[in-house]
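This report goes through the packing, backbone and confidence of one protein chain. The sequence and structure come next, and the text refers to them throughout.

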Amino acid sequence: MKKGTLTFLFIVATLAFSGRSASAMIITDSDFFSGTTHMVITFETDGLGNKLNLASGQTQSMPADEYAHYGFTFEPDISWVNDGSPAFDEAQAIGGSPEIGISDWDENDFTINFSFPVRAFGFWVINNPDPEDELYPYLTLQAYGADGLIEEVTFEGEAIDDVIVGRDEVGDGVYIESRIEYGFLGIASEKFITSIHVTKGATMLDNFTYSPIPEPATIVLLGLGCLALLRKRPA
């Protein structure tokens, strides 16, 4: 059994036995989804699968229902972007993502509505923090279900894999230093997630990943089987 699958089963089993009122956990590694049925939207193509061609630094408006047949819509419309910063490009490449993602320049308060409920989701995050800005640490994700807020997480602490320090040209040979944080952030929940509220600053989101999690009875069986497998492993 793959390491990612064991991680997934361990987390969902923990959720099944958890006493937390929200019955939710923070995801900080995309391997959580390994070995499971899930979708990854890279934002390199439009909703029809046509490749997007954006020059460095260019944005393009994304209609709210662009990816509706993949099971989700945005509210309001947002934008795709090919950020021109080399540090952003490097952070995207580390996450296994090409150049295009959800814009880090605007649309800093929006909602993703699912047409079917899911149990887990996450994003590859590229964040340009400014500690003097009142929005810092910039990215907050709120998962909502039928009964309201399930869980809220921010991009900080263990969610940040590393930092890239780069130099961006602002014109006429003038450069400024940029500090780019990157990592994965998401939420897994026993309750069905019907929407996600995103608030952010200079934060680019990419590789939107979402997946159902087995029902509680299946979770218990998978969790016990996982523990048995771990006990049989040689020291």
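Y67 is buried, with a relative accessible area of 2%. The model described here is predicted, and this value, like the others below, is computed from it. The ring of Y67 pairs with the ring of F43, which is also buried, at a relative accessible area of 1%. A search of the whole structure finds 17 aromatic pairs. In the pair of F43 and Y67 the ring centres are 5.7 Å apart and the planes stand at 85°, so the arrangement is edge-to-face. F43 belongs to the loop between β2 (39-41) and β3 (59-62), and Y67 to the loop between β3 and β4 (72-75), so the pair ties together parts that are 24 residues apart in sequence.

F32 and F33 form another of these pairs: their ring centres are 5.2 Å apart and their planes are at 80°, so this pair is edge-to-face as well. F32 is buried, and F33 is buried too. A pair of aromatic rings is described by the distance of the centres and the angle of the planes. The table gives both values for the two pairs.

| Ring pair | Distance between centres | Angle between planes |
|---|---|---|
| F32 and F33 | 5.2 Å | 80° |
| F43 and Y67 | 5.7 Å | 85° |

A charged side chain also meets a ring: R119 lies over the face of F192, at 4.1 Å from the ring centre.

**Nonpolar cores**

Which residues have the most contacts inside the largest nonpolar core? They are F43, F72, F74, F121, F123 and F208, in a core of 35 residues. Two or more residues of this core come from each of β4, β5 (78-82), β6 (100-102), β7 (109-127), β8, β9 (148-154), β11 (174-199) and β12. Strand β7 supplies the largest share, with 7 residues. In soluble globular proteins, nonpolar side chains tend to be buried together.

The surroundings of F74 show how residues from several places along the chain come together. Leaving out residues up to four places away in sequence, F74 touches F43, M62, A64, Y67, I102, F110, T111 and I112. Both members of the F43 and Y67 ring pair are thus among the residues that F74 touches. A second core, separate from the one above, has 16 residues and includes F33, W124, Y182 and F184.

**Backbone features**

Besides its place in the ring pair and the core, F43 has a backbone feature to note. Its phi is near 65°, a positive value in a residue other than glycine. N207 likewise has a positive phi, near 45°, and is not a glycine. F43 is in the loop between β2 and β3, whereas N207 is in strand β12 (residues 203-211). N207 is buried, with a relative accessible area of 11%.

A cis peptide bond joins E75 and P76, with omega at about 0°. P76 is found in the loop between β4 and β5.

**Two polar side chains in loops**

S103 lies in the loop between β6 and β7. Is S103 buried or exposed? S103 is buried, with a relative accessible area of 1%. A polar atom of its side chain is 3.0 Å from the backbone nitrogen of W105. Apart from neighbours within four places in sequence, S103 is in contact with T59, S79, V81, K200 and T203.

D29 is in the loop between β1 (24-27) and β2. With a relative accessible area of 41%, D29 is partly exposed. The side chain of D29 reaches the backbone nitrogen of D31 at 2.9 Å. The C-alpha atoms of D29 and G183 are separated by 7.8 Å, although these residues are 154 apart along the chain.

**Confidence of the prediction**

The mean pLDDT of the protein chain is 81, and 73% of its residues reach 70 or more. Where among its elements are the lowest and highest mean values? Helix α3 (residues 216-232) has the lowest mean pLDDT, 44, and strand β8 (residues 140-145) the highest, 97.

Over residues 16-22 pLDDT stays under 50, and the model gives this stretch 10 contacts beyond four places in sequence. Over residues 214-235 pLDDT is also below 50, and this stretch has 20 contacts in the model beyond near neighbours in sequence.

Technical notes
Residues numbered from 1 in each chain as written. Heavy atoms only, no water. Phe/Tyr/Trp six-rings, centres within 6.5 Å; stacked < 30°, edge-to-face > 60°. Buried < 20%, exposed > 50% of the residue type's maximum accessible area, 1.4 Å probe, protein only. Helix = DSSP H or I, 4+ residues; strand = E, 2+ residues; numbered from the N terminus. Lys NZ or Arg CZ within 6 Å of the ring centre and 35° of its normal. pLDDT = per-residue confidence, 0-100. Contact = heavy atoms within 4.5 Å. Core = buried A, V, L, I, M, F, W, Y, C linked by side-chain atoms within 4.5 Å. Polar contact = N/O pair within 3.5 Å; in protein donor to acceptor, adjacent residues only side chain to side chain.
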